[in-house]
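Trainee: I've just opened this one and could use a quick tour. Mind if I fire off questions as I go?
Mentor: Go ahead.

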Amino acid sequence: MEKFKELGISDSIIRSLSDMGFEEPTPIQAQAIPSLLSGKDLVGQAQTGTGKTAAFGIPLLENIKTDTGVIQGIVLTPTRELAIQVAEELNKLGQHAGVHTLPIYGGQDIYRQIKALQRRPRIIVATPGRLMDHMERRTIKLADIKMVVLDEADEMLNMGFIEDIEKILAAMPESRQTLLFSATMPRQIQNLAQRFLKDPELISIKSKEVTVPLIEQHYMELQDRQKFDVLCRLLDIQSPELAIVFGRTKRRVDELSEALKKRGYSAEGIHGDLTQAKRDAVIRQFRESTIEILVATDVAARGLDVSGVTHVYNFDIPQDPESYVHRVGRTGRAGQTGLAMTFVIPRELEHLRSIERTTKRKIVRMPVPTLTEAIEGQQRLAVEKLLNQIEEGNLEQYRGRAEDLLTETDSVALVSAALKLLTKEPDTTPIKITEEAPLRSRSYGGGRRKPPAPDARKGAPTGKPRYKSGGFKK
Ligand SMILES: Nc1ncnc2c1ncn2[C@@H]1O[C@H](COP(=O)(O)OP(=O)(O)OP(=O)(O)O)[C@@H](O)[C@H]1O
Ligand SMILES: [Mg+2]
């Protein structure tokens, strides 16, 4: 806690940090907090999972006056799930300071939001489109904003939110502080910073790699039609605690989550065409580990912080290196280790090289696992279960029966039978997944623009088309 205190953080927030189990600041927090407390504008870049939320959240909370009921802080996020998550973290951080934060996002009943606004939140975390709706209805006023944060700033540009953001910023006082945060800061962000920030400080945590070193990164070269069986084998061999499988399109996500369920895995899909209620339910179940595998489009690539995600599988190689960085960054968070596996069809190998060049990190090739290896993986798990049970003890009730059995039956046969019962044998239920065309080489390299929305745009707040052109081809 001493190190947090040295940054100039007030006692009530120190208490929250201690409740949250934070012991010392992460590098981005140590650098950004003092600078923000001194009133500067800031562009902050640091790797995924290194605490950027609190890096802007703490100074934001420090700036709030509780003797007035007006909204004084705004955080903009590209997705609804992220708005909810960031608001939750701010509510934890602000708990003892008596500052309430409200998430406002598309897909939720606007009248319910208007009611919630009457309870005087001092901070709003919003997706840009829905915030615009409220500004037009005059249910949110931005005249007293002291600080505005663009979380995942580059993604909001990619999604075509620039006009909304311009309008939102124009409605705020000139004197406000403006902050941009992301793990990736492509060049166009500099234009945005020049236009909207006043003499900003640039903090970028100099690290050799863009991705987190604690994430083991692999790829497998295979054909599209092999992918699903190989994914199942990998799940059987690696038995992740929680995993995210990223697919390129909504159809892909739907087909994959259905297929995984058919083969007995605990999986659900999330993408922008689902109702908000469904999206919320899926994320909640994943956070509670009721679902073990989240199948997602890039809608879940940014910012999502779920502890226990040990594996990320790129069923389809991501559209661009930035997307890769954010997807694999859903694991290996807050000092944990993680494993990322990317499926690459031969024609997409050049994309992989381009990702390696951008991230300055070698992605190591792994051979495609065989069915035998999958079976062995499941047997290993069964053995673990058995040995854990011995460790747990409480077997007295069974001992008599076990001794009887051993006098009548061969001991190896007995243990084999127990293992067989405990082993989930690989399910080979035939599954048909529609093939995806490979990414075209040209979609890399040139501009950093993202191809047309594979996702998330339906239900994107303003409903305007987000893209005019791009390299994504069906
Ligand atoms: N000082 C700290 N000590 C321990 N844990 C922390 C600390 N700061 C943040 N965390 C935890 O680390 C996790 C990742 O933080 P956060 O989501 O803010 O990362 P991020 O940098 O925004 O990542 P991304 O780029 O993926 O959005 C969260 O669970 C958060 O509560
Ligand atoms: Mg974040």
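Trainee: Is Lys92 buried or exposed, or something between?
Mentor: Lys92 is partly exposed, because 16 other C-beta atoms lie within 10 Å. With 20 or more a residue counts as buried, with 12 or fewer as exposed, and in between as partly exposed; C-beta atoms are placed from the backbone. This is a predicted model: local features need pLDDT of at least 70, side-chain atom pairs count only at pLDDT 80 or more, and totals for chains, interfaces and linings use all residues. Residues are numbered from 1 along each chain as its sequence is written, and chains are lettered from A and ligands numbered from 1 in the order in which they are written.

Trainee: Where does Lys92 lie, and what does it touch?
Mentor: Lys92 lies in helix H5, residues 80-93. Helices (H or I, at least four residues) and strands (E, at least two) are DSSP runs, numbered from the N terminus. Lys92 touches Ser16 and Met20, leaving aside residues up to four places away in sequence. Contact means C-beta atoms, placed from the backbone, within 7 Å.

Trainee: And how far apart are Lys92 and Leu406?
Mentor: They are 56 Å apart in space, C-alpha to C-alpha, and 314 residues apart in sequence.

Trainee: New topic. What is the strand order in the open sheet?
Mentor: The 7 strands run E3-E4-E2-E5-E6-E1-E7, with parallel pairing. Two strands pair if DSSP finds at least two bridges between them. The edge strands, E3 (101-104) and E7 (201-204), each pair on one side only. The twist averages 15° from one strand to the next.

Trainee: What sits opposite Val125 in E4?
Mentor: Val75 stands opposite Val125, and so does Pro103. E4 pairs in the parallel sense with E2 over 4 bridges. E3 and E4 also pair that way, over 4 bridges.

Trainee: Which way do the E4 residues point?
Mentor: Ile123 and Val125 point one way, Ile124 and Ala126 the other, and all are buried.

Trainee: Now the helices. How do H16 and H18 cross?
Mentor: The axes of H16 (residues 371-392) and H18 (residues 411-422) come within 9 Å and cross at roughly 110°. Axes are lines fitted to C-alpha atoms, for helices over the stretch in contact, and angles run from 0 to 180 degrees between N-to-C directions. So H16 is roughly perpendicular to H18; that label covers 65 to 115 degrees, with under 35 roughly parallel, over 145 roughly antiparallel and the rest oblique.

Trainee: Which residues make the contact?
Mentor: Gln379, Ala382, Val383, Lys385 and Leu386 of H16 meet Ala418, Leu419 and Leu422 of H18.

Technical notes. Two residues are in contact if their C-beta atoms, placed from the backbone, lie within 7 Å.
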